[in-house]
Amino acid sequence: MKIEIEELKKFIKEMPEKEAKSLLFHILLRFNLLKNTRYSEAEFINDMENIFKTVFKLSRERAEMNGEKNFQRIHILFGQSTSGCLKIVLRDMGLDKKEQVISFWDIFSIGPVWQLHEENGGQSRFQWMKKCMSKEYNDDYIDYIRNFEKATKLINAIPNGGRVTIWSSFSAHEQTGLRFVLYLLKKKNIDISIINTTEWYEKLFHVKGVKYTLLHSGEIPPEKLQLIYEQGDGEVITGHDREDLEKEWLALAESQETLRIWRNGRIQGVPENYFDELIVERAKKLLRKKKTNEFMKSARVIGEVLGHLEQYVGDSFLEYRLRKLIEAGVFESEGSLEAMRLYSVRLKM
C-alpha cells in the first residue's frame, strides 16, 4: 500500500488520541510477536498494511463527516428506498460527486420520538424497536441504529454556508423527520429548501379522473424522481418558518406517543392500537371471500391491510400489532411467531 508522506503527516496530526494509542498498541504487539514467536516478517508486513488500510478508511470517513468534502448541495431524505433512488438519479446525471445524499432509514411515524435529539431519547427509541420487532427484523434493527448514528453525525457536520435540500411528502413519517432534521440544523447558517414530493408528484403526474396520493416518497420510481429533481428546485424556508418547525419538533419531542398519523395538514399522535380495528376488519373481509375460517398466512393479512391503509407505518409495525391481537385472544395462530413468514392466523369465533 503506497502512502504519500504528506498524507501520512496529515493523518497523524488529525488522529484522535484514543485511535493513536490503539494503533501504537497494535504495532508494538506485532513487533513483540515478530521478535518472540514464529510470526514471520511477511505476516508482519501484511498485518501492517491491513491495519493502516483500516485506520485510513476511518480517517477518510471522519473527514467526510467533518465536512471536508465541498459538496455543492446536500440532500436529506427519509427512507432507504428513497435515498437509493436519488443516488441512482444523481449518478445518471453525473452529479454523484458534487451532491451528497444523507438518509434516515427509520419510519418516523412509529416508535417514540421523545427527546430523540438527545442520546437518552435515541436509546429509548431503539429499545422500543427491539421490543416490538420480531426476530426476523433483528438485522434491520442493528442497521437502523448504525444508519441513525451515521446520518445524525453527517448532519451535525454540515458546515455553515452549505446548501441543503430536504425531501418530504405529506406523511407523518416524513413530516416528523423534517422537523427533527430542522432542529438538528437550528444553529447552522445554511440555505435550506424543501421539496414536497406529494405536491410535485400530483403536479407532474396527475392523471385526469384518477385520484392518487403518495403515502411516502419511497413510492416514487427513479425516472419520476429525476423529473421532480429537475423541475422541483425546492421552496426556500425562511428563518421564521424554520423557528416554527423547530418549536413543533420540541413539542413532538415531549410527547409519549408511539404512533403518529398525518391528518388535516398536521402530525397527530394516536394510540398504538389505532389500526387494530382495520386489521380485524380486513381479516373478516378475507374470511368472507374464503367462506371458511381456515388459517391464513400472516403476510396475507398484513398485505391486505397495507393495500387499504392511508397512512405509512410499514409492515413490521402492523405485524407487531397482529401479534398483540393474538396475545389479546382476537386471533389464534399456528406456527412460530418469530417471523411473519412462519405463522398463520385466523379470527377466533
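This note sets out points on strands, charged surface patches and salt bridges in a predicted model.

1. The main sheet. Five strands form an open sheet with mixed pairing, in the order E2-E1-E3-E4-E5. Its edges are strand E2 (99-104) and strand E5 (235-236), each of which pairs on one side only.

2. A parallel pair within that sheet. Strand E1 (residues 73-78) and strand E3 (residues 163-168) run parallel and are joined by 3 bridges. His-75 has Thr-165 in E3 as its bridge partner. As a general point, side chains in a regular strand alternate between the two faces of the sheet.

3. The hairpin of E6 and E7. Strand E6 (residues 260-263) pairs with strand E7 (residues 266-269) in the antiparallel sense, and 4 bridges connect the two. Trp-262 has Ile-267 in E7 as its bridge partner. There are 2 residues between the strands of this hairpin, and Asn-264 takes a positive phi near 55°. The backbone around Asn-264 may be inspected with that positive phi in mind.

4. The negative patch. Glu-199, Glu-202, Glu-235, Asp-241, Glu-243 and Asp-244 form a patch of negative charge on the surface. Two helices, H8 (197-205) and H10 (239-252), each supply at least two of its residues. H10 provides the largest share, with 3 residues. One member of the patch, Glu-243, lies in helix H10. Glu-243 counts as partly exposed because its relative accessibility is 46%, and the exposed class begins over 50%.

5. The positive patch. Which residues gather in a patch of positive charge on the surface? They are Lys-284, Lys-285, Arg-288 and Lys-289. Lys-289 is placed in helix H11 (residues 276-290). Lys-289 has a relative accessibility of 61% and therefore counts as exposed.

6. A buried salt bridge. The whole structure holds 11 salt bridges. In one of them, the side chains of Arg-125 and Asp-106 meet at 2.8 Å, N to O. This pair links distant parts of the chain, 19 residues apart: Arg-125 belongs to helix H5 (residues 119-132), while Asp-106 sits in the loop between E2 and H5. Are these two residues buried or exposed? Both Arg-125 and Asp-106 are buried.

7. A salt-bridge network. Glu-281, Arg-282, Arg-300 and Glu-304 are linked in a network of salt bridges. Within this group, the side chains of Glu-281 and Arg-282 meet in a salt bridge at 3.8 Å, N to O. Glu-281 is partly exposed, with a relative accessible area of 36%. Arg-282, by contrast, counts as buried because its relative accessibility is 9%, the cut-off for that class being under 20%.

8. A salt bridge between two strands. Glu-332 forms a salt bridge with Arg-346, and their closest N and O atoms are 2.9 Å apart. Here too the pair links distant parts of the chain, with Glu-332 in strand E9 (residues 331-335) and Arg-346 in strand E10 (residues 343-347), 14 residues apart. Glu-332 counts as partly exposed because its relative accessibility is 27%. Arg-346 is likewise partly exposed, at a relative accessible area of 26%.

Definitions and conventions:
Residues are numbered from 1 along each chain as its sequence is written. This is a predicted model: local features need pLDDT of at least 70, side-chain atom pairs count only at pLDDT 80 or more; totals for chains, interfaces and linings use all residues. Side-chain values use heavy atoms; hydrogens and water are left out. Patches are made of residues with over 30% relative accessible area and no salt bridge: like charges are joined within 9 Å, nonpolar side chains (Val, Leu, Ile, Met, Phe, Trp, Tyr) within 5 Å. Accessible areas come from the Shrake-Rupley method with a 1.4 Å probe; for residues, only the protein chains shown count as cover. A salt bridge is a side-chain nitrogen of Lys or Arg within 4 Å of a carboxyl oxygen of Asp or Glu. Lys and Arg count as positive and Asp and Glu as negative; His and the chain ends are not counted. The place of a charge is taken as NZ of Lys, CZ of Arg, CG of Asp or CD of Glu. Buried means under 20% relative accessible area, exposed over 50%, partly exposed in between (1.4 Å probe, protein chains only). Two strands pair if DSSP finds at least two bridges between them.
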